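Hi,

Here is the model I promised to pass on, with my notes underneath. Have a look at the structure first, then read on.

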Amino acid sequence: WRHERPVRLTTRGGTMARVAYADSNNPETRPLVERIQRERSGLPNLYKMLLNSPPVAEGWLNYLTAIRQKSSLPPRLRELLILRVAVLNEADYEFEQHLPIALQAGCDERQVEGVKAGDFTALDGAERAAMAYCDEMTRAIRVRDATFAAVRQAYDDKAIVEITATIAAYNMVSRFLEAIQVDHE
């Protein structure tokens, strides 16, 4: 699933993000760093970058924790949506970070390959409706009435809000990662 990426700055054979990573040992941000480490099982490069602005890092953590850990969406559906956003936005970091989570949530190789290719036949009808919704939200922003009607038929109001917020959140994540070119772990 590799694709051509913009040229990155290189130093000693490695890549370098466009903005320096924050000092995670800064005493002023230590409580936030410790919270990120607890909630994310470490300190991913994304959060090392976000720590350049502690208020943004904290808000980001709160929002994404709500999406990933407090939403009532089935983890498998959530991860399928996140992978699809990553594919549509060519966000390798996002895809690589969420692939193991998706597999752990019950996605199989055929479904992952389908998400990459835009072929949702390995998914159930409700999941296919959510994937079409994801594609339109991400590519066109505005969702056609027919696409929304399929989502409405498959999901209740709470699930629709959580699906929409998940897609929106991971569009935010992928755009941040790709604009600054956050390095892979």
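Helix 5 is the biggest contributor to the lining of the largest pocket, supplying six residues. Keep in mind throughout that this is a predicted model. The pocket itself holds about 330 Å³ of space, and 19 residues line it. If you want to centre a box on it, the residues nearest the centre are Arg40, Arg68, Gln97, His98 and Ile101. Two or more lining residues come from each of helix 1 (30–40), helix 2 (45–50), helix 3 (54–70), helix 5 (92–104) and helix 9 (157–180). As for chemistry, the lining splits into 11 nonpolar, four polar and four charged residues.

Next, the charged pairs. Side chains of opposite charge can pair when their charged atoms come close. The count here is nine salt bridges, and I looked at a few of them.

Which partner does Arg84 pair with? Arg84 makes a salt bridge with Asp135, with 2.7 Å between the closest N and O atoms. Arg84 sits in helix 4 and Asp135 in helix 7 (residues 125–139), so this bridge ties together parts of the chain that are 51 residues apart in sequence. Both Arg84 and Asp135 are buried.

Asp135 has a second partner: its side chain also meets that of Arg139 in a salt bridge, at 3.9 Å from N to O. That bridge stays inside helix 7, where Asp135 and Arg139 are four residues apart, so about one helical turn separates them. The two ends have opposite surroundings. Asp135 has a relative accessibility of 12%, which is under the 20% cut-off and so counts as buried, while Arg139 is exposed, with a relative accessible area of 60%. Through shared partners, the salt bridges join Arg84, Asp135 and Arg139 into one network.

Helix 1 has a pair of its own. Glu39 and Arg35 form a salt bridge whose closest N and O atoms are 2.8 Å apart. Here too the residues are four apart in a helix, so they are separated by about one helical turn. Glu39 is partly exposed, at 23% relative accessible area.

Back to helix 4 (residues 75–88), which also contains Arg76. The side chains of Arg76 and Gln111 are joined by a polar contact of 2.7 Å. Leaving out residues up to four places away in sequence, Arg76 touches Ala105, Gly106, Cys107, Gln111, Leu123 and Glu127.

Leu81 is in helix 4 as well. Is Leu81 buried or exposed? Its relative accessibility is 1%, so Leu81 counts as buried. Beyond its neighbours within four places in sequence, Leu81 is in contact with Ala130, Met131, Cys134, Ile163, Thr166 and Ile167. Leu81 and Ala130 lie 49 residues apart in sequence, yet their C-alpha atoms are 7.7 Å apart in space.

Over in helix 9 you will find Ala165. Ala165 is partly exposed, with a relative accessible area of 21%. Setting aside residues up to four places away in sequence, Ala165 touches Tyr63 and Ile67. The C-alpha atoms of Ala165 and Ala66 are 9.9 Å apart, although their positions lie 99 residues apart along the chain.

Last, some backbone angles you may want to look at before any setup work. Most residues other than glycine have a negative phi, and most peptide bonds are trans. Ser41 is not a glycine, but its phi is positive, at about 55°. Ser41 is in the loop between helix 1 and helix 2 and is exposed, with 73% relative accessible area. Ile141 also has a positive phi without being a glycine, with a value near 75°. Ile141 belongs to the loop between helix 7 and helix 8 (145–154), and its relative accessibility of 64% makes it exposed.

That's everything from my side.

Cheers

Note on methods. Residues numbered from 1 in each chain as written. Predicted model: local features only at pLDDT ≥ 70, side-chain atom pairs only at ≥ 80, totals over all residues. Heavy atoms only, no water. 1 Å grid on protein atoms, 1.4 Å probe; cavity = no way out; pocket = protein on both sides within 12 Å on 5 of 7 lines; lining within 4 Å. Points joined across faces, edges and corners; volume = space filled by probe spheres on them. Nonpolar A, V, L, I, M, F, W, Y, C, P; charged D, E, K, R; others polar. Polar contact = N/O pair within 3.5 Å; in protein donor to acceptor, adjacent residues only side chain to side chain. Contact = heavy atoms within 4.5 Å. Salt bridge = Lys/Arg side-chain N within 4 Å of Asp/Glu carboxyl O. Buried < 20%, exposed > 50% of the residue type's maximum accessible area, 1.4 Å probe, protein only.
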